[in-house]
Structure formats: structure tokens, C-alpha cells
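Here's a quick briefing to read with the model open beside you. It goes through the packing, the charged contacts, the cysteines, the membrane annotation and the aromatic rings.

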Amino acid sequence: MNPTWSRFNITSIVLGFAFLYLPIVLLVVFSFNESKLVTVWGGFSTKWYVSLFHNQGLMDATWVTARVAVISATVATVLGTLAALTLTRYTRFKGRMLFSGMVFAPLVMPEVITGLSLLLLFVAVGLDRGFLTVTLAHITLTMCFVAVVVQSRLITFDRSLEEAAMDLGAPPVKTFFQITLPVIMPAIVSGWMLAFTLSLDDLVIASFTSGPGATTLPMKIYSQVRLGVTPEINAACTILIAVVTVGVIIASLANKRREVQRQRDEQAAQRG
């Protein structure tokens, strides 16, 4: 047997994956349970999915969550990309250390503290809690993750490509949109997906900053789980898992296709 694949290593990997993914598999399986008891299998049925779409409370929470996730992920991606460009390209300016600390602070800050501080800020400025405050809070939370992902790509970026484009007469703005942006686009897409997933998953910060009419899906599920898990919640979680999985697969395929095309273009340029 290969020493790198000993019986102990294989057992550890199997147990690790089972610990991570077995609960998710059980949740998906029991979402098709005929019985109202989520721990007792009563046969295969999709009635809980039908019941889910007739549950107006869960549907409203899902719609709020989707809008918050899309808007916050998009804004956070733009701001995070600009922050990464600033930290990578402009290494010497007054306040760089403070700016860097403010950008990456949410990475290490406990969510309870972040949520409470944002709540106090919104109260101080007289901003009513609701959809806007949840979106702003999620932008604050996810922007730093986008900045980290994009910055890691910019650090390894070949600046000679930009220099060649500007030597040929391209202005800086055109160089960025035609040279830099396509190269770092996989990192930007990955950052958007990460921000979108974090927004979908957030419970603590949304609990501090939400208000009437802005109940997110994690908040709705948590409030119902305290009274007991229902098969409708299993169905809602299964759909959420499916949406995130499909999104990750699509993004991965798109990035792989873009990378293959880039390699072909580089080979064609070398042959030319």
C-alpha cells in the first residue's frame, strides 16, 4: 500500500467527510419524507415542497434574502475590487495601514460585535432598520472577503501586460477594462460567489440590523426551529443547498473555460 494512503489516513478522510456532509445528506433525504416527523421515515413524497411554496412567510423571507444577497454581493464586489487595487497598486500613501485595517477588520471581528456596532451606528444616524440596513450590513461584512480574493490574484498579476498595452497607446482606463479586468475576472467572480453565499448564510448580523418587513430566510428558519423542525424547513434548506451548488458549479465551469481560452490566446500569441 502507498505509504501516503495508509489505512489510518483513509479512515480519517472518510470520517472527516462523513462528519461534514452526512448531516446535509440526511437533511436532503428527509425533505422527501411523507411523515410529519422529521426523524421517522414514512415513505417518499414531494408534498412538503408544494407546501413550502404555499407558505407565504417563508416565501417572503426567501425573496428578501435573495434581493439582499444579490445587491450586497454586487456592491461588495465593486468596493472590494477597488480596495484590492488600492492596496496592491498604491503601496505608499498616508493612512494605508489604517485603510488596510479597516478593510480587513470584519474578517477577524466577531459577528456579534459587528452586528451590535452597526446597530448602534444606524440608531445614531436615525436610519430605520429594514431592508436597507441589512443590505448595508452585509456589504460591510462581505467586502473584505472579496478584497482578499481579488488582492491575491493581483499580487501574481503580470504588470508587463499593462505596460505593453500602454506602450501601444492605450490609456489607463482602456488598459484596465481590456487587459486587467479580463485577467482578474475569475477572482472577481469567485469573490462575488463568496459574498453571495455569506449573505445567504448570515443570521447574527441580520438579526441585529433587520426590521419590520426585512426578515431573512435564516432568521425565519431559526425562529421556526426553536418550536421544532418541520419538513418544510428541510425542503427550504434543500432548495438553498441546490441553488448554491448550481451557482458554484456554473462559476467553476465559467472560470475553467475562461482559463482555457486565455491559455489558447497566449499560445497563439507566442506562435505569432
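How many residues does the largest nonpolar core have, and which have the most contacts inside it? In this predicted model, that core has 15 residues, and Val150, Leu154, Ile184, Ile188 and Phe196 have the most contacts within it. Helices H3 (56–89), H6 (131–155) and H8 (172–201) are the elements that each give two or more residues to the core, and H8 gives the most, with seven.

**Cores**

- Phe196 is a good place to start looking: besides being among the residues with the most contacts inside the largest core, it is buried, at 13% relative accessible area.
- Leaving out neighbours within four places in sequence, Phe196 is in contact with Ala69, Val70 and Ala73.
- There's also a second, separate core of ten residues, and Tyr49, Leu217, Ile221 and Cys237 are among them.

**Salt bridge**

- The structure holds just one salt bridge, in which the side chains of Lys47 and Glu34 meet at 3.4 Å, N to O.
- Lys47 lies in helix H2 (residues 47–53) and Glu34 in the loop between helix H1 (7–30) and H2, so the pair ties together parts that are 13 residues apart in sequence.
- Lys47 is partly exposed, with a relative accessible area of 34%, and Glu34 is partly exposed too, at 32%.

**Cysteines**

- If you're looking for disulfides, the structure holds zero.
- Cys144 counts as buried, at 0% relative accessibility.
- Cys237, which belongs to the second core, is buried at 19% relative accessible area; that counts because the cut-off for buried is under 20%.

**Membrane annotation**

- An unreviewed UniProt entry lists residues 12–32, 64–85, 97–125, 131–155, 176–198 and 233–254 under "transmembrane region".
- Take 131–155 from that list: the span is 100% helix and 0% strand, and its end C-alpha atoms lie 36 Å apart.
- Residues 176–198, also on the UniProt list, are likewise 100% helix and 0% strand, with end C-alpha atoms 28 Å apart.
- The span 131–155 carries the numbering of helix H6, one of the elements feeding the largest core.

**Aromatic rings**

- Searching the whole structure turns up five aromatic pairs.
- One of them is Phe17 with Tyr21, a stacked pair at 6.0 Å centre to centre and 15° between the planes.
- Phe17 and Tyr21 both sit in helix H1, four residues apart, or about one turn of the helix.
- Both of these rings belong to partly exposed residues: Phe17 has 48% relative accessibility and Tyr21 has 45%.
- Trp192 and Phe196 have ring centres 5.1 Å apart and planes at 10°, so this pair is stacked as well.
- Trp192 and Phe196 both lie in helix H8, again four residues apart, about one turn.
- Is each partner in the H8 pair buried or partly exposed? Trp192 is partly exposed, at 25% relative accessible area, whereas Phe196 is buried, at 13%.
- Elsewhere, Phe32, Phe44 and Tyr49 form one aromatic cluster, and Tyr49 also takes part in the second core.

Key: Residues are numbered from 1 along each chain as its sequence is written. This is a predicted model: local features need pLDDT of at least 70, side-chain atom pairs count only at pLDDT 80 or more; totals for chains, interfaces and linings use all residues. Side-chain values use heavy atoms; hydrogens and water are left out. A nonpolar core is a set of buried Ala, Val, Leu, Ile, Met, Phe, Trp, Tyr and Cys residues joined through side-chain atoms within 4.5 Å. Buried means under 20% relative accessible area, exposed over 50%, partly exposed in between (1.4 Å probe, protein chains only). Contact means heavy atoms within 4.5 Å. A salt bridge is a side-chain nitrogen of Lys or Arg within 4 Å of a carboxyl oxygen of Asp or Glu. A disulfide is a pair of cysteine sulfur atoms within 2.5 Å. UniProt positions are given in the numbering used here, feature names are shortened, and annotations may be inferred rather than shown by experiment. Rings of Phe, Tyr and Trp (its six-membered ring) pair if their centres lie within 6.5 Å; planes under 30 degrees apart count as stacked, over 60 as edge-to-face and the rest as tilted.
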